[in-house]
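Reader: Before we discuss particular contacts, could the structure be put up so that we can both follow it?
Author: Here it is, and your questions can follow directly after it.

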Amino acid sequence: MKRTINKVAVLGSGVMGSRIACHFANIGVPVLLLDIVPKDAENTKKARNKIVDDALAFALKSNPSPIYKKSFASRITTGNFEDNMAQIADCDWIIEVVVERLDIKKIVFEQVEKYRKPGTLVSSNTSGIPIHLMAEGRSDDFRKHFCGTHFFNPPRYLKLLEIIPGKETLPEIVEFIHEYGNLYLGKTTVLCKDTPAFIANRIGVYGIMALFHLVEKMDLTIEEVDKLTGPVLGRPKSATFRTCDVVGLDTLIHVANGVAQSCPNDEAIEVFKIPAYINKMVENKWLGAKTEQGFFKKVKGDKGKSEIHALDLKTLEYKPSQKIKFSTLEATKQIDNLRERLKVLINGKDKAGDFYRNSFYGLFQYISYRIPEITDDLYKIDDAMKAGFGWELGPFEYWDAFGVEKMVNDMEATGHKVAPWVKEMLNSGKSSFYSITNGKPHYYDVSGGKDYKQIPGTDNYILLSPIREHKTVWKNAGSSIIDIGDGILNVEFHSKMNSIGSEVIAGVNKAIDLAEKDFAGLVISNEGANFSAGANVGMIFMMAVEQEYDELNFAIKAFQNTMMRVRYSSIPVVVAPHNMTLGGSCEMSMHSDKVVAHAESYIGLVEFGVGLIPGGGGTKEFALRLSDELTEGDIELNRFRHRFLTIGQAKVSTSAHEAFDLGYLRAGTDEVVVSRDRLLSKAKEACLNLVNKGYVKPVPRKDIKVLGKQALGLAYLGADSMLSGHYISEHDAKISQKLAWVLCGGNLSSPTLVSEQYLLDLEREAFLSLCGEKKTLERLQSILTGGKILRN
């Protein structure tokens with residue numbers, strides 16, 4: 001039976017409910033969002049819907065936003081349980097997100113039972129209440145179509161969706177939600193057993209509780225732990241204690257107590273007991289962000305500036321945060337590869353090394369015993385921790401990176417015993433939890449055949465990491481060209497921050513050369529944290545400060561020429577950006593035949609912020625796109641103003657959808673993909689579609705209408721007015737004039753048709769002139785030195 005989700009009902013509009021509603025609206029699904037009627041409410045729709053309307057309004061104003069684009073909020077209709085519950089009969093999926101109390105949830109489900117159509121999906125966003133208890137007393141049809149769907153907060157940004165079937169949930173329902181969550185909602189869907197705290201919170205809260213005890217044992221400070229458990233370990237900047245403040249100490253303790261009560265036979269039960277200093281914090285209501293103080297507190301300093309103070313766990317007094325240094329961390333500063341960095345961390349000879357060994361030994365022991373209790377498959381634990389807690393590697397992947405056998409030996413020497421199946425795996429000659437076979441990732445099947453099995457679903461997407469070793473056809477220090485099959489090449493960047501320097505430019509040109517000779521098309525994508533931070537600012541700064549303007553002119557011309565090759569090669573070029581896509585990488589996207597962007601793409605021409613204008617064809621491209629959208633009359637100047645301010649204010653889209661409004665993406669040509677896992681496969685598919693339609697090399701444009709003096713005067717007047725009002729600096733006014741000069745085609749007496757090359761020459765000339773400005777050099781230097789201006 002084919003199942004389609006045309007409308008969703010979300011019951012409960014709190015922090016999670018309102019944001020789950022927003023995420024369904026993000027993907028185009030109409031949502032009915034309901035909540036309770038306020039006590040003693042007047043008999044008006046506005047009064048009776050006050051709770052739900054206020055909750056949604058609060059969510060939409062929050063930062064970061066739960067919605068891709070403001071207009072998408074119109075897809076959400078609000079109501080209340082008393083007046084509008086009957087409307088759930090029109091919905092294909094009903095998601096309960098009310099308070100975490102079984103009695104209240106059962107009352108809601110009793111109402112749902114009255115109005116839902118037979119066969120309608122029903123799920124609960126519970127974070128730990130057993131699914132079978134919520135399903136008690138419901139009809140056979142309800143129970144067969146009921147399961148847990150645990151979204152992580154914030155639902156737009158955290159990828160994890162845990163799916164917890166009940167004993168009677170139909171397998172096809174589980175399969176449908178699993179696929180729908182990944183394909184449409186962009187989630188990492190993880191199938192869980194109906195056990196306390198499911199997977200991510202069971203492991204994640206264990207890790208946090210273990211650290212709560214370890215800081216006492218090792219006499220560590222809050223700042224030390226956060227330094228040790230943040231980005232250096234491949235984890236978020238919020239690390240441990242800042243994460244606790246965001247989540248809320250009361251929430252963490254609720255989960256910990258739930259595990260302790262529900263899992264009396266857990267071998268690590270002592271870890272879930274709350275330390276005295278944590279109990280004291282709860283007693284003082286130091287719960288984190290929700291009470292404006294927790295492990296950290298923002299205070300006003302002597303000069304009136306805000307400062308972050310950290311809690312001293314011994315005295316329970318707040319003190320100014322201290323900078324932390326460990327020799328082990330210093331030794332990893334030049335190691336970008338996480339797996340190589342981990343080997344240095346675990347072997348550290350100082351307190352940091354001791355911390356890592358204590359921490360990982362306990363974690364590895366714990367996860368080994370959770371199979372088969374919480375899941376039969378070890379990759380699900382890794383998926384849950386990566387998607388739910390933002391870890392770059394999952395626990396078993398960390399273990400692999402350190403070396404499984406070495407860790408087992410070191411652990412046993414310190415009294416940490418692993419589950420028997422780990423030794424069985426090693427004794428059978430298998431030395432790792434994961435392997436790559438035929439370019440696909442496989443995992444060790446603990447409960448099945450005691451052999452490696454392909455991770456389910458990986459046939460639906462292309463991963464570069466498993467095929468990189470055998471499918472790379474060319475590489476240099478900053479880029480690699482990989483054959484991804486069916487005549488399509490992929491060029492990826494692996495420079496610092498994926499910045500675009502000479503190596504990346506060489507890689508893109510080489511990829512086009514190879515594709516034009518022996519392949520059908522090219523995709524530009526990578527698996528970095530961000531697509532690209534833009535052009536190599538350090539290279540520009542060094543050339544400018546040394547006044548090597550001929551070399552700088554050559555470099556900028558090479559960048560422009562490469563962008564024009566992306567546009568005017570004989571094979572289709574598809575760019576697949578994700579996350580930060582700034583400056584030069586935005587220009588690369590704009591010159592492609594098609595952009596297949598991840599929904600979480602933050603795209604923008606940001607050069608104005610460093611005292612420059614886009615010099616890799618971005619300003620030219622905005623002039624070209626402005627020409628294509630111009631109509632006669634005043635509308636011309638309005639459209640010019642929009643394009644001018646987008647660059648002049650260095651606007652960056654907060655999602656790929658918003659990038660259409662800013663003019664970075666093209667309606668009808670470019671597309672958005674919600675699933676990050678499927679981005680490359682979708683980009684390859686788009687490239688093949690262009691090939692199969694009979695791709696023909698485009699002809700460079702010579703019909704670009706520029707407005708000349710008509711718009712130039714407007715821009716100059718605006719810059720002068722802003723300068724007179726002290727809204728911008730003299731240097732900003734100069735950049736504005738240079739930008740206007742290129743967008744208008746120079747000081748032409750009337751609107752004129754010009755070529756792309758004409759505009760590129762104007763753009764390069766303006767860019768080079770700004771590189772010689774003292775203020776530009778200071779801004780570039782400030783970026784390179786972390787905000788410090790170094791003076792001779």
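**Sheets, helix packing and salt bridges**

Author: The model shown is a predicted one, and a good place to begin is a pair of strands: strand 12 and strand 13 (residues 440-444) run antiparallel and are joined by 4 bridges.

Reader: In strand 13, which residue is the bridge partner of Tyr-434?
Author: Strand 12 covers residues 434-437, and its pairing with strand 13 is antiparallel. Within that pairing, the residue of strand 13 that partners Tyr-434 is Tyr-443.

Reader: Which strands stand at the edges of that open sheet, each with a single partner strand?
Author: The sheet is open and antiparallel, with 3 strands in the order 12-13-14. Each edge strand has a single partner, so one side of each is left without a neighbour in the sheet, and these edges are strand 12 (434-437) and strand 14 (452-454).

Reader: How many degrees does the twist average from one strand to the next?
Author: For the open sheet with the order 12-13-14, the twist from one strand to the next averages 40°.
For the open sheet of 8 strands, whose order is 3-2-1-4-5-6-7-8 and whose pairing is mixed, neighbouring strands are turned against each other, with direction ignored, by an average of 25°.

Reader: In strand 3, which residue is the bridge partner of Asp-35?
Author: Strand 3 (76-80) is an edge strand of the mixed sheet and pairs on one side only. Strand 2 (residues 31-35) runs parallel to strand 3, with 5 bridges joining the two. The partner of Asp-35 in strand 3 is Asn-80.

Reader: At what angle does helix 8 run to strand 8?
Author: Strand 8 (188-191) is an edge strand of the mixed sheet. Helix 8 (residues 171-183) lies across several strands, including strand 4 (93-96), strand 5 (121-124) and strand 8, and its angle to strand 8 is about 155°.

Reader: How do helix 9 and helix 16 pack, that is, at what angle and with their axes how far apart?
Author: Two packed helices are described by the angle between their axes and by the distance between those axes. Helix 9 (residues 200-218) passes helix 16 (residues 351-369) in a right-handed crossing. The angle is about 145°, and the axes are 10 Å apart.

Reader: How do the residues of the contact of helix 9 with helix 16 divide into nonpolar, polar and charged?
Author: From helix 9 the contact includes Ile-203, Tyr-206 and Leu-211, while helix 16 contributes, among others, Asp-354, Phe-355 and Gly-362. The residues of this contact divide into 9 nonpolar, 3 polar and 4 charged.

Reader: How far apart in sequence are the parts that the pair of Lys-106 and Glu-136 ties together?
Author: Lys-106 and Glu-136 form a salt bridge whose closest N and O atoms are 3.6 Å apart. Lys-106 lies in helix 5 (residues 102-115) and Glu-136 in the loop between helix 6 (131-135) and helix 7 (140-144), so the parts that they tie together are separated in sequence by 30 residues.

Reader: Are Glu-412 and Lys-423 buried or partly exposed?
Author: These two residues form a salt bridge, with the closest N and O atoms 2.6 Å apart, and the pair links helix 19 (residues 404-413) to helix 20 (residues 420-427). The relative accessible area is 34% for Glu-412 and 36% for Lys-423. With buried set at under 20%, Glu-412 is partly exposed, and Lys-423 is likewise partly exposed.

Technical notes:
Residues numbered from 1 in each chain as written. Predicted model: local features only at pLDDT ≥ 70, side-chain atom pairs only at ≥ 80, totals over all residues. Heavy atoms only, no water. Salt bridge = Lys/Arg side-chain N within 4 Å of Asp/Glu carboxyl O. Buried < 20%, exposed > 50% of the residue type's maximum accessible area, 1.4 Å probe, protein only. Pairing = 2+ DSSP bridges. Axes fitted to C-alpha atoms, helices over the stretch in contact; angles between N-to-C directions. Contact = heavy atoms within 4.5 Å. Left-handed = near helix turned anticlockwise from the far one by under 90°. Nonpolar A, V, L, I, M, F, W, Y, C, P; charged D, E, K, R; others polar.
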